[in-house]
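Work through the exercises below with the sequence and the coordinates open. Try each task before reading its solution.

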Amino acid sequence: MAKTYKSYLPEQDLLLPPSLREWLPENHLVYCVSDVVDQLDLSAIEALYEEEDRGQPPYHPRMMTKILVYGYCVGVFSSRRIQKRLVEDVAFRVLAAGNQPDFRTISEFRRLHLKALEELFRQVLRLALEVGALKLGRVALDGSKVKANASKHKAMSYGRMEETEKRLREEVRELLKQAEAADQEEDERYGRGGQGDELPEELQRRERESPGFRKPRRRWKSGRRRRPRARVKTRRKRSRRRRRNTALRIRSRAS
């Protein structure tokens with residue numbers, strides 16, 4: 001009896017939910033980052049775009065800020081990796097609402113608004129800390145021990161607040177430095193226009209659909225492989241020798 005497997009129909013269209021917020025659990029980090037960034041004042045970033053009327057409409061600054069903040073929180077610093085996640089990762093796709101800026105756009109946005117993003121990212125971490133979160137993704141917000149809720153020492157002192165604020169600033173600067181270093185390293189490795197994961201031309205879809213690619217694929221599928229000429233000749237000689245010997249044995253028996 002043949003083994004029964006779960007349904008697997010790669011060519012069938014998926015019936016996705018109409019709302020992006022149904023793609024992930026309600027407590028997913030994506031929604032936390034999105035809700036926090038929605039509360040921030042992005043006027044310093046938006047002002048640069050409102051003064052320019054030429055060219056194509058830019059990506060929404062709030063969306064770009066969200067994917068950068070979320071990416072750094074989950075340890076994705078490279079602009080190329082963020083671009084890849086915007087295509088392949090459900091969480092990034094939900095956060096970007098289907099937008100897919102390329103890695104150069106992502107990198108230039110960070111460099112152009114570095115100071116504003118540093119302040120916005122610090123506000124995100126501070127808001128997360130104020131609501132009691134000790135971590136935001138992979139970013140540790142407070143490494144100290146947590147007091148019990150009933151403790152009179154639970155409230156943070158002014159000195160402790162100053163210390164925490166300074167540490168958050170250093171944390172944000174370090175994250176942004178990692179992002180810049182990752183982009184520079186990949187620019188040197190792949191070139192400023194290279195993504196680093198391009199398929200060779202002969203393996204790209206238009207080449208895979210050509211007759212020259214399908215012909216050997218059919219041969220591999222049927223199990224036939226081309227043998228070297230020397231081996232083919234040897235097999236033919238052996239076959240003729242066997243037929244000749246068989247004929248001689250038949251004649252000898254008949255006589």
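A crossing of two helices is right-handed if the near helix is turned clockwise from the far one by less than a right angle, and left-handed if anticlockwise. The model used here is predicted.

**Exercise 1. Overall layout**

Task: State how many helices and strands the protein chain has, and give their order.

Solution.
- Step 1. The count for the protein chain is 11 helices and 2 strands.
- Step 2. Along the sequence the pattern reads α-α-α-α-α-α-α-β-β-α-α-α-α.
- Step 3. Add burial: 28% of the 255 residues count as buried.
- Step 4. Add contact range. Take contacts between residues at least 6 apart in sequence; 66% of them join residues at least 24 apart.

**Exercise 2. The α3–α7 packing**

Task: Find the hand of the crossing of α3 and α7, then classify the angle between them.

Solution.
- Step 1. Apply the definition above: the crossing of α3 and α7 is right-handed.
- Step 2. Take the geometry. α3 and helix α7 (residues 114–130) pack at about 60°, and their axes are 11 Å apart.
- Step 3. Classify. Angles under 35 degrees count as roughly parallel, and 65 to 115 as roughly perpendicular. α3 and α7 are therefore oblique to each other.
- Step 4. List the contact. From α3 come Thr65, Leu68, Val69, Tyr72 and Cys73; from α7 come Leu117, Leu120, Phe121 and Val124.
- Step 5. Sort by class: the contact of α3 with α7 has 8 nonpolar residues, 1 polar and no charged.

**Exercise 3. The α1–α3 packing**

Task: Repeat the analysis for α1 and α3, giving the angle and the axis separation.

Solution.
- Step 1. Helix α1 (residues 29–38) packs on helix α3 (residues 61–73) at about 135°, with the axes 10 Å apart.
- Step 2. That angle makes α1 oblique to α3. Roughly antiparallel would need an angle over 145 degrees.
- Step 3. The crossing of α1 past α3 is right-handed.
- Step 4. On the α1 side, the contact has Leu29, Val30, Val33, Ser34, Val37 and Asp38. On the α3 side, it has Arg62, Thr65, Lys66, Val69, Tyr70 and Cys73.
- Step 5. By class, the residues of the contact of α1 with α3 are 7 nonpolar, 2 polar and 3 charged.

**Exercise 4. Salt bridges from α8**

Task: Which residues do glutamate 186 and aspartate 187 pair with?

Solution.
- Step 1. Start from the principle. Side chains of opposite charge can pair when their charged atoms come close.
- Step 2. The structure holds 15 salt bridges. One of them joins glutamate 186 to arginine 80, with the closest N and O atoms 3.7 Å apart.
- Step 3. Place this pair. Arginine 80 is in helix α4 (residues 79–88) and glutamate 186 in helix α8 (residues 158–190), so the bridge ties together parts 106 residues apart in sequence. Both arginine 80 and glutamate 186 are buried.
- Step 4. Aspartate 187 forms a salt bridge with arginine 104, at 3.1 Å from N to O. This pair links helix α8 to helix α6 (residues 103–112), 83 residues apart.
- Step 5. Check accessibility. Aspartate 187 is buried because its relative accessible area is 12%. Arginine 104 is at 19%, so it also counts as buried. The cut-off is under 20%.

**Exercise 5. A bridge within α6**

Task: How many residues apart are glutamate 108 and arginine 111 in helix α6?

Solution.
- Step 1. They are 3 residues apart in α6, which means a separation of about one helical turn.
- Step 2. Their side chains meet in a salt bridge at 3.7 Å, N to O.
- Step 3. Glutamate 108 has 36% relative accessibility, so it is partly exposed. Arginine 111, at 28%, is partly exposed too.
- Step 4. Widen the view: Glu108, Arg110, Arg111, Glu180 and Asp183 are linked in a salt-bridge network.

**Exercise 6. Serine 79 and alanine 97**

Task: Is serine 79 buried or exposed, and where is alanine 97?

Solution.
- Step 1. Serine 79 is in helix α4. Its relative accessibility is 1%, so serine 79 counts as buried.
- Step 2. Set aside neighbours within four places in sequence. Serine 79 then contacts Phe103, Ile106, Ser107, Arg110 and Asp183.
- Step 3. Alanine 97 sits in the loop between α5 (90–96) and α6. Its phi is positive, about 55°, although alanine 97 is not a glycine.

Note on methods. Residues are numbered from 1 along each chain as its sequence is written. This is a predicted model: local features need pLDDT of at least 70, side-chain atom pairs count only at pLDDT 80 or more; totals for chains, interfaces and linings use all residues. Side-chain values use heavy atoms; hydrogens and water are left out. Axes are lines fitted to C-alpha atoms, for helices over the stretch in contact, and angles run from 0 to 180 degrees between N-to-C directions. Helices (H or I, at least four residues) and strands (E, at least two) are DSSP runs, numbered from the N terminus. Contact means heavy atoms within 4.5 Å. Ala, Val, Leu, Ile, Met, Phe, Trp, Tyr, Cys and Pro count as nonpolar, Asp, Glu, Lys and Arg as charged, and the others, Gly among them, as polar. A salt bridge is a side-chain nitrogen of Lys or Arg within 4 Å of a carboxyl oxygen of Asp or Glu. Buried means under 20% relative accessible area, exposed over 50%, partly exposed in between (1.4 Å probe, protein chains only).
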